[in-house]
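Here are my notes for anyone opening this one for the first time. Have the sequence and the 3D view side by side, and go through the points in order.

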Amino acid sequence: MSSTPEAQTSFAQPAPSAGTVTIRFFAAAEEAAGTGELTMQLSGAEQPLGEVLSALPEQLPPPQAGACAVASLSRVCARSSYLLNGRQARPETAVLRHGDQLDILPPFAGG
């Protein structure tokens, strides 16, 4: 009875790749960003929300001629609330992954 060693096949796991997220801007954030929505490439498989917010200005389209932003996007973001996939998120703790949706909600007036 001869025994042959079983062939072992190993498959290399692909390295985590960067993905994209959808960022939606509302009210003053939309005005400051110059767009209502942006698809952004992550720097890796996941990226902290704080890093995404810091990188936003470089990702935006150039301002249109005559456009007058009430406030810079950085200033608006500093006062905003965030929803990540419909749930409240904090820049200090939230992490974005491929396919996520981030909503930037500045303070709204009214009651």
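1. Start with a stretch to skip. Over residues 5-15 the pLDDT (the predictor's confidence in each residue, from 0 to 100) stays under 50, and the model has 0 contacts there beyond four places in sequence, a contact being heavy atoms within 4.5 Å. Residues 65-70 also stay under 50, though for them the model has 5 contacts beyond four places in sequence. Where pLDDT is low, the predicted coordinates should not be read in detail.

2. Some ground rules. This is a predicted model, with local features needing pLDDT of at least 70 and side-chain atom pairs counting only at pLDDT 80 or more, while totals for chains, interfaces and linings use all residues. Residues are numbered from 1 along each chain as its sequence is written, and side-chain values use heavy atoms, with hydrogens and water left out. As for overall confidence, the chain averages a pLDDT of 81, and 74% of the residues score at least 70.

3. The layout. You'll find 3 helices and 7 strands, in the order β-α-β-β-α-α-β-β-β-β along the sequence. Helices (H or I, at least four residues) and strands (E, at least two) are DSSP runs, numbered from the N terminus. Of the contacts with a separation of 6 or more, 62% are between residues 24 or more positions apart.

4. Surface and interior. The chain has 111 residues, and 32% of them count as buried; buried means under 20% relative accessible area, exposed over 50%, and partly exposed in between (1.4 Å probe, protein chains only). About 7,700 Å² is exposed, with carbon and sulfur atoms supplying 51% of it. These areas come from the Shrake-Rupley method with a 1.4 Å probe, and for residues only the protein chains shown count as cover.

5. Strand S1, residues 20-25, is a good place to start looking at pairing. S1 and S2 pair in the antiparallel sense over 5 bridges, and Thr22 stands opposite Thr39 in S2. S1 also runs parallel to strand S7 (residues 101-105), joined by 4 bridges, with Arg24 opposite Asp103 in S7. Two strands pair if DSSP finds at least two bridges between them.

6. Which side chains of S1 point to the buried face? Val21, Ile23 and Phe25 do, while Thr20, Thr22 and Arg24 point to the other face and are not buried. S2 does a similar thing: Leu38 and Met40 are buried on one face, and Glu37, Thr39 and Gln41 point to the other and are not. In a regular strand the side chains alternate between the two faces of the sheet.

7. Now go to S4. Its covered face has Tyr82 and Leu84, and its uncovered face has Ser81 and Leu83. S4 pairs with S7 in the antiparallel sense over 4 bridges, and Leu84 stands opposite Leu102 in S7. S4 is also joined to S5 by 3 bridges, again antiparallel, and here Tyr82 stands opposite Ala89 in S5.

8. Worth a close look is the turn of the S4-S5 hairpin, where 2 residues lie between the strands and Asn85 has a positive phi of about 55°. Strand S4 covers 81-84 and strand S5 covers 87-89. Asn85 is partly exposed because its relative accessible area is 45%. Most residues other than glycine have a negative phi, and most peptide bonds are trans.

9. Ala27 is another residue to check. It sits in the loop between S1 and H1, and its phi, near 50°, is a positive value in a residue other than glycine. With a relative accessible area of 42%, Ala27 counts as partly exposed.

10. Where does Thr35 lie? Thr35 is in the loop between helix H1 (28-33) and strand S2 (37-41). A polar atom of the Thr35 side chain is 3.1 Å from the backbone oxygen of Glu37. Not counting residues up to four places away in sequence, Thr35 touches Phe25, Glu30, Leu60 and Pro61.

11. Last stop, Glu51 in helix H2 (residues 49-59). Its relative accessibility is 43%, so Glu51 counts as partly exposed. Glu51 and Pro91 are 40 residues apart in sequence, yet 8.3 Å apart in space, C-alpha to C-alpha.

Technical notes. Polar contact = N/O pair within 3.5 Å; in protein donor to acceptor, adjacent residues only side chain to side chain.
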